[in-house]
Amino acid sequence: MSGVNPTLTAIPGFRVGHWTDPVGLTGCTVILCPDAGAVASASFLGPSPGTREGVLLAPGKKVERVHALLLTGGSAFGLAAAAGVVRVLEERGVGHETPWARVPIVPAAVIYDLGVGDPGARPGEREGEAAARAASSDPVPRGRVGAGMGATAGKYLGVGAVPGGLGSVYMERHGVRVGALAVVNPIGDVLDERGGVLAGPGVGPGALAFTPGEIESTTLIAVATEHTLTKADARRFADAAQTALGRVIAPSHTFWDGDSAFMLSSCTLPPADPLLLGALVQEAVCAAVRDAVRSAAGAE
């Protein structure tokens, strides 16, 4: 694999940057789209997803393309980091054309990591700007970095949570290409390729010893491709990404998870076979989640 980029940034036009606070144990991650934007939609599950401009991504809404995606720690406070990303894009003349200005469209989603490190340490506008300026097409740094810095998994016992982290993969099958990035912060265990426990206590929810907080567990997923999609297509593939979480996290989509999945397309290649693309999206999501916890464990 020497010289091969195994992460989302192998998809041409997409760049990723992090800002990380290793003391406060939080951070944020920015995915910059091609300057023309990416057709995008999203799927939000769970009782408490923390998002910005999430409604705009519904297939029935007018704006089809986004210019960046922010994934961040800091709970709702962390959404402020999107303003810094907007500032960088405005400087570069990137945005949705309107009569008086180009308006950058930057959806965002958060995880709750306030109980892991310093609850007063939260990404804000300056930190979002720093992550956007750091974005490059280099292989994505993974593990306890960016939005994955304070992410944890296997929290259903109330003790013994393990690092969740941030992971990213690139996959190609029969000429169809996707990249995925995951911020892994579920209440459940992360499973390996054989269904064994990769991260977490591994005893299942029947052993619950406490009542989880309703906002403390969320996994964030971003999937990118070059293959042309409509906004409705992107929503269907975002739903497929959510389905994949059920294969790699157990239990998944609980009353205490606010999982968010985004699908982005630069639309620079012809449409792919939807069955193959959907299968590859799910495979990439599972691999990115596993990459996150393996990379985080290796960083300890």
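1. Is Met149 buried or exposed in this predicted model? Met149 is buried, because its relative accessible area is 6%, and the limit for a buried residue is under 20%. Its place is in the loop between helix H2 and strand S10 (152-153). Beyond its neighbours within four places in sequence, Met149 is in contact with Thr20, Asp21, Pro22, Leu25, Thr26, Gly27 and Arg144. Met149 and Ser265 are 116 residues apart in sequence, and their C-alpha atoms are 27 Å apart in space.

2. Helix H2 comprises residues 125-134, and its buried residues are Glu127, Gly128, Glu129, Ala131 and Ala132. The cover over these buried residues includes strand S1 (15-21), strand S2 (26-32) and helix H1 (81-91).

3. The next point concerns the sheet that contains S3 and S18. Six strands form an open sheet in the order S5-S3-S18-S16-S13-S12, and the pairing is mixed. Its edge strands, each pairing on one side only, are S5 (65-66) and S12 (166-173). Within the sheet, strand S16 (residues 220-227) pairs with S18 in the parallel sense over seven bridges. Ser265 in S18 has Thr225 standing opposite.

4. A helix is placed against part of this sheet. Helix H3 (residues 231-248) lies across S3, S16 and S18. Relative to S3, helix H3 runs at about 45 degrees.

5. The largest nonpolar core has 35 residues. Val190, Ile221, Val223, Val281 and Val289 are the residues with the most contacts inside this core. Two or more residues come from each of S12, strand S13 (176-183), S16, H3, S18 and helix H4 (274-299). Of these elements, H4 gives the most, with 11 residues. Val281 touches Val178, Val223, Phe237, Ala241 and Met263, when residues up to four places away in sequence are not counted. Apart from the largest core lies another, of 28 residues, among them Ala40, Leu69, Ala109 and Ile111.

6. How many aromatic pairs are there? The count comes to two. In one of them, Phe44 and Phe262 are edge-to-face, with 5.8 Å from centre to centre and 80 degrees between the planes. This pair links distant parts of the chain: Phe44 belongs to strand S3 (residues 38-44) and Phe262 to strand S18 (residues 260-269), 218 residues apart. Phe262 is buried, because its relative accessible area is 2%. Phe44 counts as partly exposed, because its relative accessibility is 28%, and partly exposed lies between under 20% and over 50%.

7. The pair of Phe255 and Trp256 is tilted, because the planes of the rings stand at 50 degrees, with centres 6.3 Å apart; tilted pairs are those that are neither under 30 degrees nor over 60. Phe255 counts as exposed, because its relative accessibility is 70%. Trp256, with a relative accessible area of 25%, is partly exposed.

8. A charge also sits over an aromatic ring. The charged end of Arg122 is placed over the ring of Phe77, 3.6 Å from the ring centre.

Methods: Residues are numbered from 1 along each chain as its sequence is written. This is a predicted model: local features need pLDDT of at least 70, side-chain atom pairs count only at pLDDT 80 or more; totals for chains, interfaces and linings use all residues. Side-chain values use heavy atoms; hydrogens and water are left out. Buried means under 20% relative accessible area, exposed over 50%, partly exposed in between (1.4 Å probe, protein chains only). Helices (H or I, at least four residues) and strands (E, at least two) are DSSP runs, numbered from the N terminus. Contact means heavy atoms within 4.5 Å. Rings of Phe, Tyr and Trp (its six-membered ring) pair if their centres lie within 6.5 Å; planes under 30 degrees apart count as stacked, over 60 as edge-to-face and the rest as tilted. A charge sits over a ring if NZ of Lys or CZ of Arg is within 6 Å of the ring centre and within 35 degrees of the ring normal. Two strands pair if DSSP finds at least two bridges between them. Axes are lines fitted to C-alpha atoms, for helices over the stretch in contact, and angles run from 0 to 180 degrees between N-to-C directions. A nonpolar core is a set of buried Ala, Val, Leu, Ile, Met, Phe, Trp, Tyr and Cys residues joined through side-chain atoms within 4.5 Å.
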